[in-house]
Amino acid sequence: MWQGVAKARGGRAGERPSRVRENAVLKKPVAQLRGADTILGSSPAMADVREKIARVAPTDATVLITGETGTGKELVARAIHHNSRRSGKSMIAVNCAAFTETLLESELFGHERGAFTGAAKPRQGLFEAAHESTLLLDEAGATSASAQAKLLRVVVDGQVRGVGT
């Protein structure tokens, strides 16, 4: 019966086996995702999210995950991390909205001794601490334009300059 229906639609019966093989090849990386079980839902949109995680995780690409607060951006970031070559190291998550601009800059970029009052010794920033791992900058859009420009410089040029350097 299936072939009869396919032929009535234009003779595409021979295409089904190749599409089944293609779907199996595309779904294999998605089925092997670690950490994606915390991402609930079986809608086509959620299947698309899982497929994108499977595609981007093996790369060294910088990933922008967008969405409203509470939609699971961190779950997606953790799934990407768990399926990447960086999974052996701890992922570092920073809620950028929880810091003042100057404190955020010091936390992310580090600082030199004497860079500001109370900077008694040099401190490594989280960008440096996350080297060969994953750094999630949650709520980066809630930071000032100046802080966003500094973050953009890191993303575009890979330049990390500590406070006072």
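Which hand, left or right, does the crossing of α3 and α4 have? The crossing of these two helices is right-handed. The model is predicted. The protein has 165 residues, with 7 helices and 2 strands. Two nonpolar cores are described below, along with two helix pairs.

**Overall layout**

- Read from the N terminus, the elements follow the order α-α-α-α-β-α-α-β-α.
- Buried residues make up 27% of the 165 in the protein.
- The accessible surface is about 11200 Å². Carbon and sulfur atoms hold 54% of that surface.
- Take the contacts in the protein with a separation of 6 or more: 56% of them join residues 24 or more positions apart.

**The largest nonpolar core**

- This core has 9 residues: Val94, Cys96, Leu104, Leu108, Phe109, Leu126, Phe127, Leu151 and Val154.
- Three elements each give two or more residues to this core: α5 (101-109), α6 (126-129) and α7 (145-157).
- Helix α5 supplies the largest share, 3 residues.
- Leu151 belongs to this core. Setting aside neighbours within four places in sequence, Leu151 is in contact with Leu108, Phe109, Phe127, Leu137 and Ala140.

**Helix α5 and its partners**

- The buried residues in α5 are Leu104, Glu105, Ser106, Glu107, Leu108 and Phe109.
- The buried residues of α5 pack against both strands and two helices: β1 (92-95), β2 (135-138), α6 and α7.
- Gly110 follows α5. The phi of Gly110 is positive, near 80 degrees.

**The α5–α7 pair**

- The axes of α5 and α7 come within 10 Å and cross at roughly 15 degrees.
- Angles under 35 degrees count as roughly parallel, so α5 and α7 are roughly parallel to each other.
- The crossing of α5 and α7 is right-handed.
- From α5, the contact uses Glu101, Glu105, Leu108 and Phe109. From α7, Ser146, Ala147, Lys150, Leu151 and Val154 take part.
- Leu108, Phe109, Leu151 and Val154 from this contact are also among the residues of the largest core.

**The other core and Ile80**

- Apart from the largest core lies another, of 6 residues. Ile39, Ile53, Ala79 and Ile80 are among them.
- Ile80 lies in helix α4 (residues 73-82).
- Is Ile80 buried or exposed? Ile80 has a relative accessible area of 9%. Buried means under 20%, so Ile80 is buried.
- Leaving out neighbours within four places in sequence, Ile80 is in contact with Ile53, Val56, Ala57, Val63, Ile65 and Arg86.
- Arg50 sits 30 residues from Ile80 along the chain. The C-alpha atoms of Ile80 and Arg50 are separated by 9.5 Å.

**The α3–α4 pair**

- Helix α3 (residues 44-56) packs on α4 at an angle of about 40 degrees. The axes of α3 and α4 are 9 Å apart.
- What does that angle make α3 with respect to α4? Under 35 degrees would count as roughly parallel, and roughly perpendicular runs from 65 to 115. The angle of about 40 degrees fits neither class, so α3 is oblique to α4.
- Val49, Ile53 and Val56 of α3 make the contact with Val76, Ala79 and Ile80 of α4.
- Ile53, Ala79 and Ile80 from this contact are also among the residues of the 6-residue core.

Definitions and conventions. Residues numbered from 1 in each chain as written. Predicted model: local features only at pLDDT ≥ 70, side-chain atom pairs only at ≥ 80, totals over all residues. Heavy atoms only, no water. Core = buried A, V, L, I, M, F, W, Y, C linked by side-chain atoms within 4.5 Å. Buried < 20%, exposed > 50% of the residue type's maximum accessible area, 1.4 Å probe, protein only. Helix = DSSP H or I, 4+ residues; strand = E, 2+ residues; numbered from the N terminus. Contact = heavy atoms within 4.5 Å. Areas by Shrake-Rupley, 256 points an atom, 1.4 Å probe, with all protein chains shown as cover. Axes fitted to C-alpha atoms, helices over the stretch in contact; angles between N-to-C directions. Parallel < 35°, antiparallel > 145°, perpendicular 65-115°, else oblique. Left-handed = near helix turned anticlockwise from the far one by under 90°.
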